[in-house]
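Reader: I'd like a close look at one part of this model, the helical chain and how it is put together, with a quick word on its partner to start. Could you walk me through it in one go?

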Amino acid sequence: MVAEGPTIVPAWFKNISQKAQTFFSIALGKKLPPSNPTREALNTYANVAGIETGYGYFAPNVPGGYRLVFELHYPDGRVEYALPSVKSEAAGLRIADLLENIGRTPHDSMREILVKTLAQSVWREHPDVESIRAILGSVTLPSVREFEHGNRESYEFLYAYDFSLMNQPAKPRDR
Amino acid sequence: METFRKRLLEFLFPPETDHYLAILRVGLGVEVTLYSLSLRNDWIYLLSGTVRQLAEALLSLESHFIPRLGWFTALAGQVEVDENRLLFAAWAFLLVAGCGLLIGLFSRVSAIVAWFLHLCTAKSGGFASYGMDNFVTIGLFYLMLSPLPDRFSLDWRLRDLRAKDPQFLGFWRRVLQLHLCVVYFFSGLAKCLGSGWWNGSSVWRALIRPPFNVIDPEILVRWKNLFPLAGILICVLEFGYPFGIWSSRTRTIWLFSVCAMHVAIAVTMGMYLFSLVMIVLNLAAFAPGGFRAQRKQIGLQPGTAGA
């Protein structure tokens, strides 16, 4: 985190952190080929014991988050908007995490697959739409002072995906 | 050298009762049960289809031996069992395992099943899993390896079952204690490195950030002067956890403060399951009783439940 993220530590310490990161990556087998048995064994143990991730929740600072909006285009020209929806608050926390993963992934194809999967679930709820535009944006939270001056959370456009469902119907078993 | 070895063994294998194990078992039983019930309507949605397959494909890059639901769906596909039915069966077994832990019936089997199925769902739903899943995995992993059953379980009272290796009671509690110290220390350290926790902006942002914006910001903003204090307090509590919780003079106040912090997180951010598992782990690790070295050892034979 120190090596990569914006923290209050001085720049010279980041170099040390980067070296430490490299050292631990080697020690934990991260530099070995994916099929290497040692790497697989270490990764398996870390995952089954729940120790594969760090513990820097909401650290060093709290990120803004992401929002995904679906623009539903009907054959008669009507346009409606929908958000990814779930039935429980517990699942809502998970959808927020899913959006974090969609927003943060550096892989365009993975982002597209995840967005498309969510779009398909929206389409099943609105089967008569002609096409769906999925718009992903990052959320900018106001500071306390900005909030007191009437500013509220704002959104910055990141990506948009158009899905034409007439040509590519979603499979019934797919999400 | 001999003295060091003796001290190390005394540290790692302190005399211990099974009270903490009962807290861990019942607490994780409640956690797993509520986890299953809270996701019952979205279970299939979160764990079926492309997102799960993508998560499992990425998991295979780490290791092919990490448990996942895909193992079962592949098997089910060969005998033409519908994926949704299989996912429902996994949900039902997880719920039963949670209830088994709660009452202490078939404690060991329940712990193993709960750990395995929860791990499968957390890994297969990797894109939609968060910190709570990690801590449930950690708790169930230690519970599964601990000397079950404890004296408050139905296994002990009705089936006259006793733990085979009670000498490991102290060891597994010690491991849990050390693990929590590492967790809070690094969580606190990471927060200390960000300016937002010192000036209170991170507290504000955490409370107004969707989907954690349970309290209306118009109400929150009236308390703005408390945010820097709250941020620093969180940093001190987490970063100072290994020191505060280990000292007998500050343990009670530290444990109470950390649990209060998690209650506050549950109420103000809606993270009930996350807070519950953290409180359970803290109480299991550090609730009073664990450090009294001269506690009576539990009885090894049936009929000594009151020992």
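Author: In this predicted model, the C-alpha centres of domain 1 and domain 2 of chain A sit 31 Å apart. The domain assignment puts domain 1 of chain A at 1-61 and domain 2 of chain A at 66-164. Inside that second range you'll find helix α4(A), residues 108-125. With 18 residues at 1.5 Å a residue, α4(A) should span 26 Å, and its end C-alpha atoms are indeed 26 Å apart, so the two figures agree. Its buried residues are A:L114, A:V115, A:T117, A:L118, A:A119, A:Q120, A:V122 and A:W123. What lies over them includes β1 (66-73), β2 (79-82), α3 (89-104), β3 (131-140) and β4 (154-164) of chain A, together with α4 of chain B.

That last helix takes us over to chain B. How many residues of chain B are in contact with chain A? The count is 54 residues of chain B against 51 residues of chain A. On the chain B side, α3 (43-47), α4 (50-62), α7 (107-124), α8, α10 (169-192) and α12 (201-208) each put in at least two residues. The biggest giver is α12(B), with 6 residues. Sorted by class, the side of chain B that touches chain A has 28 nonpolar, 18 polar and 8 charged residues.

Now for chain B as a whole. It has 17 helices and 0 strands. Its radius of gyration is 21 Å, close to the 19 Å that the globule rule gives for 307 residues, so chain B is as compact as a globular protein of that length. If you want box dimensions, the C-alpha trace of chain B spans about 60 × 60 × 40 Å along its principal axes. Of the 307 residues in chain B, 46% are buried. Take the contacts in chain B with a separation of 6 or more: 74% of them are between residues 24 or more positions apart.

Chain B is also split in two, with domain 1 at 14-155 and domain 2 at 177-287. Their C-alpha centres lie 26 Å apart. Where they touch, domain 1 of chain B brings 15 residues and domain 2 of chain B brings 11. On the domain 1 side, α2 (19-38) and α8 (131-145) of chain B each supply at least two residues. The largest share there is that of α2(B), with 9 residues. By class, that side of domain 1 of chain B has 10 nonpolar, 4 polar and 1 charged residues.

Next, a helix in domain 1 that's worth a slower look: α6(B), residues 83-103. Its 21 residues at 1.5 Å each should span 30 Å, and the end C-alpha atoms come out 31 Å apart, which agrees. Which residues of α6(B) are buried? They are B:L87, B:A90, B:L94, B:A97, B:G98, B:G100 and B:L101. These cover an arc of only 160° around the axis, so they're on the same side of α6(B). They pack against α2, α3, α5 (69-78) and α7 of chain B. Just after α6(B), B:G104 takes a positive phi of about 80°.

Over in the other domain, α17(B) covers residues 272-286. Its 15 residues should span 21 Å at 1.5 Å a residue, and the end C-alpha atoms are 21 Å apart, so that checks out. Here 13 of the 15 residues are buried, so α17(B) is largely enclosed by the rest of the structure.

Two single residues round off the tour. B:L176 belongs to helix α10 of chain B. Is B:L176 buried or exposed? It's buried: 24 other C-beta atoms lie within 10 Å, and the cut-off for buried is 20 or more. Leaving out residues up to four places away in sequence, B:L176 touches B:Y142, B:L281, B:A284 and B:A285. As for B:P67, 109 residues away from B:L176 in sequence, the C-alpha to C-alpha distance is 23 Å.

The other residue is B:W223, in the loop between α13 (217-220) and α14 (227-239) of chain B. B:W223 has 13 other C-beta atoms within 10 Å, so it counts as partly exposed. B:W204 is 19 residues from B:W223 along the chain, and their C-alpha atoms are separated by 9.8 Å.

Terms used. Residues are numbered from 1 along each chain as its sequence is written. Chains are lettered from A and ligands numbered from 1 in the order in which they are written. This is a predicted model: local features need pLDDT of at least 70, side-chain atom pairs count only at pLDDT 80 or more; totals for chains, interfaces and linings use all residues. Domain bounds come from an automatic or database domain assignment. Two residues are in contact if their C-beta atoms, placed from the backbone, lie within 7 Å. Helices (H or I, at least four residues) and strands (E, at least two) are DSSP runs, numbered from the N terminus. Ala, Val, Leu, Ile, Met, Phe, Trp, Tyr, Cys and Pro count as nonpolar, Asp, Glu, Lys and Arg as charged, and the others, Gly among them, as polar. The expected span of a helix is 1.5 Å times one less than its number of residues. A residue is buried if 20 or more other C-beta atoms lie within 10 Å of its own, exposed if 12 or fewer, and partly exposed in between; C-beta atoms are placed from the backbone. The arc is that of the directions from the helix axis to the C-beta atoms. The radius of gyration is taken over C-alpha atoms; the globule rule is 2.2 Å times the number of residues to the power 0.38.
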